[in-house]
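Me: I would like to go through this structure by question and answer. Please give the reasoning before each result.

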Amino acid sequence: MGQFAVIGLGRFGSATSLELMRLGHSVLGVDADSRVVDQMADRLTRAAIADVTDRDALAELGLPEYDVVLVAIGEDLQASLVCTVHLKSLGVKVLWVKASSRAHHLILAKLGASRIIHPEDEMGIRIAQVLSYPMVNDYISLGNGEFVVEIEASAQLDGRTLGDALTTDPPGAIHALAVKRRSETTVQPTDQFVVRAKDTLILFGSLQDLKTAAPKLI
């Protein structure tokens, strides 16, 4: 279980906090608005009211002890930057910060943010990629052009083996990590595993190999 702190409980910060809780993590939510904190208090591990531009107030929260601190402050550029400076000075090692503009991004990069997030841009890219490949239910980018994707087996794959369905050149370029069928999951299925329509396939490969294989999986 990870320990996460989310500073700024607006739409983005709240959604991220609740999803982390759903995934079994411990979450501290921080906001300057007492009404927002009251609304989230019963849904998070801990919730605190604090002026996020006040270094002493941030210091009292023990933020360097958390695995990741996410600054999810919305349009208040000054608050976001001041908060980031304070968190770095307090010794927070892994600091993710939401950016609202290119200028905001550049300043955060100079301040040493571990990762800078553009939620709207990233979601737009994700939606476009899923629209381009409608058989893809979800995906994770692992970097270096490699992805894990989740697809639903179409009717045309029904009765075919994985080895036949995932034929690539060179062979073995796409790996089946798991197949989910209703309540059963087969981990690292063999090439002889027989696919059924509606099976969920978890595949690993490079973006180019997955693109090449996509027409055969529709």
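The turns below deal with a predicted model, taking a sheet, its helices and two loop residues in turn.

Me: In what order do the strands of the open sheet lie, and is the pairing parallel or antiparallel?
Reply: Strands of a sheet pair through backbone hydrogen bonds, in one of two directions. Here 6 strands form an open sheet, and the pairing is parallel. The order of the strands is 3-2-1-4-5-6.

Me: Which strands stand at the edges of this sheet?
Reply: An edge strand here has a single partner strand, so one side of it is left without a neighbour in the sheet. On average, neighbouring strands of the sheet are turned by 15 degrees against each other, direction ignored. The strands at the edges are strand 3 (46-49) and strand 6 (115-117).

Me: Which residue of strand 4 is the bridge partner of Phe 4?
Reply: Strand 1 (residues 3-7) and strand 4 (residues 68-71) run parallel and are joined by 4 bridges. In strand 4, the partner of Phe 4 is Val 68.

Me: At about what angle does helix 4 run to strand 5?
Reply: Helix 1 (residues 11-22) lies across several strands, including strand 1, to which it runs at about 165 degrees. Helix 4 (residues 77-90) lies across strand 1, strand 4 and strand 5. Its angle to strand 5 is about 175 degrees.

Me: Why do the buried residues of helix 8 line one face of the helix, and which elements do they pack against?
Reply: In helix 8 (residues 207-217), the buried residues are Leu 210, Ala 213, Ala 214 and Leu 217. Seen down the helix axis, they fall within an arc of 135 degrees, so they line one face. On the other side of helix 8, Gln 208, Thr 212 and Pro 215 are exposed. The buried residues pack against strand 8 (146-152), helix 7 (162-165) and strand 11 (200-206).

Me: Is Arg 182 buried or exposed?
Reply: Arg 182 sits in the loop between strand 9 (175-181) and strand 10 (184-187). Its phi is near 55 degrees, a positive value in a residue other than glycine. Exposed means over 50% relative accessible area. Because its relative accessibility is 81%, Arg 182 counts as exposed.

Me: What is the phi of Gln 188?
Reply: Gln 188 is in the loop between strand 10 and strand 11. At 63% relative accessibility, Gln 188 counts as exposed. Gln 188 is not glycine, yet its phi is positive, near 50 degrees.

Methods: Residues are numbered from 1 along each chain as its sequence is written. This is a predicted model: local features need pLDDT of at least 70, side-chain atom pairs count only at pLDDT 80 or more; totals for chains, interfaces and linings use all residues. Side-chain values use heavy atoms; hydrogens and water are left out. Buried means under 20% relative accessible area, exposed over 50%, partly exposed in between (1.4 Å probe, protein chains only). Helices (H or I, at least four residues) and strands (E, at least two) are DSSP runs, numbered from the N terminus. The arc is that of the directions from the helix axis to the C-beta atoms. Contact means heavy atoms within 4.5 Å. Two strands pair if DSSP finds at least two bridges between them. Axes are lines fitted to C-alpha atoms, for helices over the stretch in contact, and angles run from 0 to 180 degrees between N-to-C directions.
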